[in-house]
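Work through these exercises with the model open. Try each task before you read its solution.

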Amino acid sequence: MYRGSWLLVVLPLLVCALSVARPAPLAAPALPPAFDGGTALALAKELARDYPNRSPGSPGATGAERWLATQLAPYGFRPLAERFTARVPGIGRVRLVNLVTVAEGRSGGTIVVLAHRDDTGLGEGANDNASGTGALIELARAYANSRNAATPQVKPAHTLVFLSTDGGTLGALGASHFLRHSQWARRILAVVVLDGIASPSPARLEIGGDRSRSPSRVLVETAAVRVEEQTGVAPGRTSALGQLVDLAFPYTLYEQGPFVGRGIPAVTLTTLGDRPPGGPGDTRERLDGVRLAQLGRAAQLLIGSLDQSGDLARGRSTYIFLGARLVRGWALQLALVAAAVPFLATAVDLFARCRRRGVRLGAAFRAYRRRLGFWLFLGGLFELFALFGAWPGGVARPINPDSSSAVHWPILGLVLFGLVASAGWLFARELLRPRRPATGSEELAGHTAALLTLGMLTLLAVSTNVFSLVFLLPSLHAWLWLPQLRGRPAGTRLVVFLAGLLGPLLLVTSFAVRFGLGIDALWYVGALVAVGYVPLPTVVLALAWAAAGAQLAALAAGRYAAYPLGAERPPRGPARELVRRVILTILGIRSRRRAAIARRRALQR
């Protein structure tokens, strides 16, 4: 049945192949770009020289705010300051300021051009992101409101908002605040983000969102074409596997993320990687004026294409780019669901066979319930420690990988957490430890209960985020074979069990490699849970999956015991037995001390 049901996956894969398409870009604007790369480069160097430390809340951030207003004044712009505060993990409450500059258009629709002006404070922040700020000022110059400006005024068809955000290095705090509170956010048609556009590296497009969505295909293709026209090379993107992981676990360090998560077309032009570097090496001397001019002109042409076109498609569409072409998200979702069908069919058949043979599953499900209770206890304990400040706390946004909260493990908190968790396990284990060898029927019931639970989790994952199946499928298909390996060597069972952990390993490896976190990726994911970036339903599903894995691990190791019947249970419950053991241990320690004291006194006599 398992092998035969794989034939059902062929049709969805064929549909995926037929859904491959290449969207058509918007037409280029009639006017050539007037972007002055030399001016933008000079502005970027001036900002990096005068205010190298522009970390949010610092004096340099205040100076950069005044500097930007001064640079825009000759063009007749008076930026509107949107002030707000946010609680940042590892830093505390910080004051931030967005500067909004508006060029009124003939229609009510709004195109946002965005660049954050803050940096990490570890270097000059020349490329990340004085380069984007300099380009933002130069782009605004083309739409000057002053009659005395060096260039004639251009009246756009749509209203253009030139947004200089604060907190861009702290999880796109400024972009997120603008989207939730600004009066201009309700009419956004598209967003163009400039971030780190002056390094010699090839140009890239960032399209990931905070939720499992993708921006307008037309916007992304238009941006790619405009960049290729200026650089001569098609811009790079995150790999297909990386895009799939980003849809399964939505995460990005760039400021298009909040907009894409809301279904607003947004794209980031950059020369940086998945993790923007913000260390001491980001200096003025390393700025590439040629690349800055190329991407500045590409951004100006992209704005022109958007301005002369109609509305872009908005919504919850998803896709994955394969080179210059893309595979539609609904086809990938269909293939992922079909890949789970062989497991679901076999697990249901296993349940039916147990019913026909009179194998009782009640004790196995009670054993799983016991394990689930322990894992939920761990989740609640983790949240309790977060409430008391043991873990990083703050706004539910991505944490800067360069911050102390991302890489400094709270050793004391983890040790205390481990001690309390161990005590909880001793309590839960009392009814799960083997008192006699499990029979074949009991082991089969334990496998069936765990596999049926995984089937339920699969259906819940489909109802929340189908792409998350990419983390679940390895465990489904690997652990399904464990009942067939009961008579095989323990090493074989261990290898099959470990193969089921490839899904979570894929997520951790993505953070470790793509974002340069290494072994700190383990703690970083925990920190995202602590600040609330990972939704609570996702955490609960992960804990339920871990409980099923724990039951199958006990079976693979030969340490499984069915939940004891009334006659098999000890006379005292787990709580009373735990208290009894603690008291006996204390009394034993005291008696040994008294005996030692008595022996010393006898020797002295």
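Four exercises with worked solutions follow.

The model is predicted: local features need pLDDT of at least 70, side-chain atom pairs count only at pLDDT 80 or more, and totals for chains, interfaces and linings use all residues. Residues are numbered from 1 along each chain as its sequence is written, and side-chain values use heavy atoms, with hydrogens and water left out.

**Exercise 1. The whole chain**

Task: Describe the chain by its secondary structure, box, burial and exposed area.

Solution.
- Start with secondary structure: the chain has 21 helices and 9 strands. Helices (H or I, at least four residues) and strands (E, at least two) are DSSP runs, numbered from the N terminus.
- Next, the box. Along the principal axes, the C-alpha atoms fill roughly 100 × 80 × 35 Å.
- Then burial: 55% of the 605 residues count as buried. Buried means under 20% relative accessible area, exposed over 50%, partly exposed in between (1.4 Å probe, protein chains only).
- Last, surface. About 27,100 Å² is exposed, and carbon and sulfur atoms supply 61% of it. These areas come from the Shrake-Rupley method with a 1.4 Å probe; for residues, only the protein chains shown count as cover.

**Exercise 2. The sheet**

Task: Trace the open sheet of 7 strands, then place the helices that pack on it.

Solution.
- Write down the order: 1-2-4-3-5-7-6, with mixed pairing. Two strands pair if DSSP finds at least two bridges between them.
- Find the edges. Strand 1 (80-88) and strand 6 (204-206) each have a single partner strand, so one side of each is left without a neighbour in the sheet.
- Check the twist: neighbouring strands are turned by 25° against each other on average, direction ignored. Axes are lines fitted to C-alpha atoms, for helices over the stretch in contact, and angles run from 0 to 180 degrees between N-to-C directions.
- Add helix 4 (residues 59-72). Helix 4 touches strand 1, strand 2 and strand 4, and its direction makes about 5° with that of strand 2. Contact means heavy atoms within 4.5 Å.
- Add helix 7 (residues 217-231). Helix 7 touches strand 5 (188-194), strand 6 and strand 7 (266-270), at about 25° to the direction of strand 7.

**Exercise 3. Strand 2 and its partners**

Task: How many bridges join strand 2 to strand 1, and how many join strand 2 to strand 4?

Solution.
- Strand 1 and strand 2 are antiparallel, with 9 bridges. Ala86 stands opposite Val94 in strand 2.
- The two strands form a hairpin with 3 residues between them; Gly90 in the turn has a positive phi of about 80°.
- Strand 2 (residues 92-103) also runs antiparallel to strand 4 (residues 158-165), over 5 bridges. Val102 has Val161 as its bridge partner, and Ala103 has Leu160.

**Exercise 4. Tyr254**

Task: Is Tyr254 buried or exposed, and what is it in contact with?

Solution.
- Locate Tyr254: the loop between helix 8 (240-248) and helix 9 (257-261).
- Read the accessibility. Tyr254 is at 1% relative accessibility, so it counts as buried.
- List contacts, leaving aside neighbours within four places in sequence: among them are Ala172, Asp195, Glu206, Thr268 and Gly273.
- Look at Gly273. Its backbone oxygen lies 2.5 Å from a polar atom of the Tyr254 side chain.

Notes
A polar contact is a pair of N or O atoms within 3.5 Å; within protein, one must be able to donate a hydrogen and the other to accept it, and residues adjacent in sequence count only if both atoms are side-chain atoms.
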